[in-house]
Number of protein chains: 2
Amino acid sequence: MSEWRADPVTGQWTIVADDLPLARRDFVLDGVSRPLDSPCPLCEGRELTAGHEITAVRHGSAPDGPGWSLRVVPNRVPALRVEAGTSGAHDGLFVHRPGLGAHEVVIETPRHDISWFSMTAEELGRILAAWRDRMADLRRDGRLRSAIAFKNHGVEAGARLAHAHSQIVATPVVPPAITHEVEAARRHHTAAGTCLFCDLVAQELAAGVRVVRQTPACVALAPYASRTPFETWLLPVRHGARFDEASADDIASLAALLRQVLEQVGRELERPAFNAVLHTAPFDEPGDGAYHWHLELVPRVLRASGLDVGAGLAINPVSPEKAARVLRGGG
Amino acid sequence: MSEWRADPVTGQWTIVADDLPLARRDFVLDGVSRPLDSPCPLCEGRELTAGHEITAVRHGSAPDGPGWSLRVVPNRVPALRVEAGTSGAHDGLFVHRPGLGAHEVVIETPRHDISWFSMTAEELGRILAAWRDRMADLRRDGRLRSAIAFKNHGVEAGARLAHAHSQIVATPVVPPAITHEVEAARRHHTAAGTCLFCDLVAQELAAGVRVVRQTPACVALAPYASRTPFETWLLPVRHGARFDEASADDIASLAALLRQVLEQVGRELERPAFNAVLHTAPFDEPGDGAYHWHLELVPRVLRASGLDVGAGLAINPVSPEKAARVLRGGG
């Protein structure tokens, strides 16, 4: 029988319907499509096509030339620009403001044909450290209020370039998903005096059934009211509101855990398209108990239907308990 | 240059970035995939496979046999059941309740291979009238608070059966999208004394730039802060909170408008996958100025990226003004 479940963080109700007779063909499991981009603008040797680097991991080579492990450049086709103004305007019921924001691309490796599924924990850690460092820098811009780092793997997940890359977007408004989480965390903190996410991690570690994997500092969970099959959250066990203040140990532990989770996701779901999205506290949020950074991993194995797209109501045909069991390697 | 736009109904900010150099290959325009289902469980002659009819459009034939234009049956694989209980329970931070709700299937035509793109206004009107009648009936169940009628066209939009059908889901919770709209409409009604949607329609009819089409009683608009390219809302011009109280004239006018919009969408976007979702006031909402029913049409021509999936922030590369121009037939 199906069940309504409320997410303690977002407050959203989801229908977990584990008894639907779904077949393999109901899932998107044909591997991912790679975008066509020839010649690739992000490969080693084409540094000026990719853009002047904001930062890079280099071992003695000169900026904007070959000889790097990772580069961060401004998006060549930015949806937002740091040069834009801040003054909004009204037009009757409508409110608009210039497209202010930062839109950066993290070129994750000089090699064209390597994906997160093939990277080592060290390589993944280098990417996560670049996300952290860029978020810390962008936070200094007083016009911006929030940053999101995200990865689109595969055309099905919104990727437009084949070369492994991720994006960082910093915005003058706080994205709705972060707002909902902060509000829930604040309510919980006011009522209970503790961090909602810390309490959630403690409850899940005690119950065990939705725990996917664990490393010394981090844990991977299938969220109780997951909106999509095999959604997995990676969180630090110890409290930390801001990812831009994560320690080298935190990053290494997160990378090791991500490596393990990707191994299982790749094996069980045939290296599917996915999104990975880093949630951190808004820039002006005090670093106290009212937030807790985490990485949300969303395999894109099911097409959203009209009920989700048009009403915000998801039917998840794989219970989080089953998803965690599969991703633990227990079938 | 891109622009931030706030939706007056949902309050969400969207990045409208009309200057992105997108190519045709960046859109999903390869026609739709049809699910495989052989033999089709919904075709004429297989009435008992499809299910006992809740209601049907028949001209003298007996229930559950051939000779019909439209049938409504319970979903054979329901995500929700009217037989479920109502008592919820807590488990620490988690709240759950039984999968109570109605989940019905509208079999829109006895013919297997006809889609909304090929239907007449009369055929579309028959479907919309069935949605209205079922919503009116489901509203009598005091345990339910809201109903959504929706259509998934194409595998890419979540369809699992090839035969033209739509679904009605009635729930004991109000879906988030409806809640946000009701809250915004209530705030506006309290402040201005008028219906937010009526004022929106008036402003858009005066401006003209986002008007797609019009019939005597209804208008099709490209919403000011559309989250996806070519999203179109069809609304009655005269105030009406509940679709289950729509008149025969309203339905005929909506169907005629839908026919025209589908004609243009089919021509300009090569008959894409789409969702159509009918929003009506929650069952216990007074039928006053604080809501206004409408049909949201969402062509699935762009893949959602991690920024949208994980943070709720959409980048729309086709401005609503351009979308309206294209769908008016003006290129």
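**Exercise 1. Describe helix α3 of chain B: state its length, and determine which residues are buried and which are exposed.**

*Step 1.* Helix α3 (residues 176–192) of chain B has 17 residues and reaches 24 Å from its first C-alpha to its last, close to the 24 Å expected at 1.5 Å a residue. The expected span is 1.5 Å times one less than the number of residues. Helices (H or I, at least four residues) and strands (E, at least two) are DSSP runs, numbered from the N terminus.

The model is predicted: local features need pLDDT of at least 70, side-chain atom pairs count only at pLDDT 80 or more, and totals for chains, interfaces and linings use all residues. Residues are numbered from 1 along each chain as its sequence is written, while chains are lettered from A and ligands numbered from 1 in the order in which they are written.

*Step 2.* A residue is buried if 20 or more other C-beta atoms, placed from the backbone, lie within 10 Å of its own, exposed if 12 or fewer, and partly exposed in between. By this rule Ala177(B), Ile178(B), Glu181(B), Val182(B), Ala185(B) and His188(B) are buried.

*Step 3.* Seen down the axis of α3(B), these buried residues fall within an arc of 130°, so they line one face of the helix. The arc is taken from the directions from the helix axis to the C-beta atoms. On the face turned away from the buried side lie the exposed residues Thr190(B) and Ala191(B).

*Step 4.* The cover of the buried residues includes α6 (306–311) of chain A, together with β8 (146–153), α4 (196–207) and β13 (274–279) of chain B. After the helix comes Gly193(B), whose phi is positive, near 80°.

**Exercise 2. Determine how chains A and B are related, and what their contact consists of.**

*Step 1.* A turn of 180° and a shift of 0.0 Å along the axis lay chain A on chain B with an RMSD of 0.0 Å, by least squares on the C-alpha atoms of residues with pLDDT of at least 70 in both. The two copies are thus related as by a two-fold rotation axis.

*Step 2.* The contact takes 61 residues from chain A and 61 residues from chain B; two residues are in contact if their C-beta atoms, placed from the backbone, lie within 7 Å. The side of chain A that touches chain B divides into 38 nonpolar, 13 polar and 10 charged residues. Here Ala, Val, Leu, Ile, Met, Phe, Trp, Tyr, Cys and Pro count as nonpolar, Asp, Glu, Lys and Arg as charged, and the others, Gly among them, as polar.
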